[in-house]
Amino acid sequence: MSITSGDFRSKVTSSTLLEKKQRHEPISCLTAYDYASARLVDEAGIDMVLVGDSLGMVMLGYENTLPVTIEEMLHHTRAVRRGVKRAFLITDMPFASYHVSGEETIRNAARFIKAGAEAVKIEGGEKRAQLVERLVDAEIPVVGHIGLMPQSLHAMGGYKVQGKTLKAVEQLMHDVLALERCGACCVVLEGIPREVAALITAEIEIPTIGIGAGPDCDGQVLVFHDLLGLTFAPPAKFVRRYADLGSAITGAVQAFREDVKTKNYPSDAESYHLPQETLSALQAIADRKRVMTG
């Protein structure tokens with residue numbers, strides 16, 4: 001599609017995403033955590049931007065997503081909002097922000113909407129259905145998330161592919177149907193077999209967004225830093241690196257350090273200069289001082 005087409009520049013909404021599923025038009029989604037990355041992603045035509053709690057690892061250096069706070073997520077949501085004009089903007093509700101009373105969950109979710117998010121994402125299926133329904137009743141759009149759920153890292157015994165047994169597949173189906181019935185506008189499928197994701201995608205009317213769930217989902221999401229080679233750990237199986245900016249940045253920084261060390265930076269062309277009149281006056285003063293001290 002041409003970058004100048006009207007559809008490319010039109011605002012993406014939850015209705016747009018549903019229409020894309022109905023037309024079998026793939027949906028693209030990337031994470032973003034600051035103004036610069038959000039603006040670049042948005043201007044490249046990505047449909048959905050997720051302020052993921054993965055910022056805990058890639059931006060803040062945490063070991064996992066669990067320490068991320070509401071205030072940290074709000075800070076990054078506001079920054080991303082300033083860079084996003086077209087894409088549908090979603091924010092992860094961090095761990096312990098919705099594992100509370102329904103009233104407190106709604107208050108927390110409303111803070112993200114006020115910060116600029118157009119939907120909040122929460123992890124969990126059937127057991128979150130009632131909560132999803134309450135949020136939707138409060139006019140807060142919700143994106144579901146089932147399969148491998150990073151906030152349930154300890155309960156799941158690590159980052160493991162989910163839905164590998166018949167019983168587990170059945171539970172995933174119950175989960176996604178419950179989320180759909182309760183009004184979720186779409187659902188993220190993470191770390192599940194391709195065949196299971198295909199079954200789910202065919203079964204429900206709302207869009208599925210896959211990450212490590214194969215190519216049969218309605219859309220795909222990746223972490224911005226994974227896509228660009230800006231992470232330090234080995235990439236997951238499903239990650240495709242489209243650039244190696246980590247090496248490029250390291251090379252650029254090393255070149256800068258060397259130029260400073262050898263006084264090759266800044267050059268005369270990269271320096272500001274006095275007007276000739278001021279320079280001549282300073283030179284005259286210096287000449288007089290030399291005569292007086294000579």
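1. **R81 and its neighbours.** Leaving out residues up to four places away in sequence, R81 touches L89, A115, G116 and E118. This is a predicted model, and R81 sits in its helix 5, residues 70-83. Is R81 buried, exposed or partly exposed? Its relative accessible area is 22%. Buried would need a value under 20%, so R81 counts as partly exposed. A236 lies far along the chain: R81 and A236 are 155 residues apart in sequence. In space, their C-alpha atoms are 28 Å apart.

2. **Helix 5 against helix 6.** Two packed helices are described by the angle between their axes and the distance between the axes. The axes of helix 5 and helix 6 come within 9 Å. They cross at roughly 20°. That angle makes helix 5 roughly parallel to helix 6, because angles under 35 degrees count as roughly parallel. The crossing is right-handed. Helix 5 brings I70, E71, M73, L74 and T77 to the contact. Helix 6 brings N108, R111 and F112. By class, the residues of this contact divide into 4 nonpolar, 2 polar and 2 charged.

3. **Helix 6 against helix 7.** How do helix 6 (residues 102-114) and helix 7 (residues 129-137) cross, and at what angle? Their axes come within 10 Å and cross at roughly 55°. Helix 6 is therefore oblique to helix 7. This crossing is right-handed. From helix 6, the contact uses G102, E103, T105, I106 and A109. From helix 7, it uses L131, R134 and L135. The classes here are 4 nonpolar, 2 polar and 2 charged residues.

4. **The two sides of helix 7.** Which residues of helix 7 are buried? They are A129, L131, V132 and L135. Seen down the axis, these buried residues fall within an arc of 160°, so they line one face of helix 7. A general rule helps here: an α-helix has 3.6 residues a turn, so residues three or four places apart point the same way. On the other side of helix 7, Q130 and D137 are exposed. The cover over the buried residues of helix 7 includes helix 6, strand 5 (142-147) and helix 9 (166-181).

5. **E139, just past helix 7.** E139 comes just after helix 7. Its place is in the loop between helix 7 and strand 5. The phi of E139 is positive, about 65°, although E139 is not a glycine. That deserves a second look, since most residues other than glycine have a negative phi, and most peptide bonds are trans. E139 has a relative accessible area of 72%, so it is exposed.

6. **A96, another positive phi.** A96 is also a residue other than glycine, and its phi is near 80°. Where is A96 found? It lies in the loop between strand 3 and helix 6. With 43% relative accessibility, A96 counts as partly exposed.

7. **Helix 2.** Helix 2 spans residues 14-22. Its buried residues include T16, L17, K20 and K21. Note the two lysines in that list: K20 and K21 are buried. The buried residues cover an arc of only 140° around the axis, which puts them on the same side of helix 2. What covers them? Strand 1 (27-31), strand 2 (48-51), strand 3 (88-92) and helix 10 (194-203) are among the elements that do. After helix 2 comes H24, with a positive phi near 60°.

8. **Helix 3.** In helix 3 (residues 35-43), the buried residues are S37, A38, V41 and D42. Their arc around the axis is only 125°, which puts them on the same side of helix 3. They pack against strand 1, strand 2, helix 5 and helix 11 (224-227). Helix 3 is followed by G45, whose phi is positive, near 95°.

9. **A cis peptide bond.** Which peptide bond is cis? The bond from Y265 to P266 is, with omega near -5°. P266 is in the loop between helix 12 (245-261) and helix 13 (276-293).

How values were computed: Residues are numbered from 1 along each chain as its sequence is written. This is a predicted model: local features need pLDDT of at least 70, side-chain atom pairs count only at pLDDT 80 or more; totals for chains, interfaces and linings use all residues. Side-chain values use heavy atoms; hydrogens and water are left out. Buried means under 20% relative accessible area, exposed over 50%, partly exposed in between (1.4 Å probe, protein chains only). Helices (H or I, at least four residues) and strands (E, at least two) are DSSP runs, numbered from the N terminus. The arc is that of the directions from the helix axis to the C-beta atoms. Contact means heavy atoms within 4.5 Å. Axes are lines fitted to C-alpha atoms, for helices over the stretch in contact, and angles run from 0 to 180 degrees between N-to-C directions. Angles under 35 degrees count as roughly parallel, over 145 as roughly antiparallel, 65 to 115 as roughly perpendicular and the rest as oblique. A crossing is left-handed if the near helix is turned anticlockwise from the far one by less than a right angle, and right-handed if clockwise. Ala, Val, Leu, Ile, Met, Phe, Trp, Tyr, Cys and Pro count as nonpolar, Asp, Glu, Lys and Arg as charged, and the others, Gly among them, as polar.
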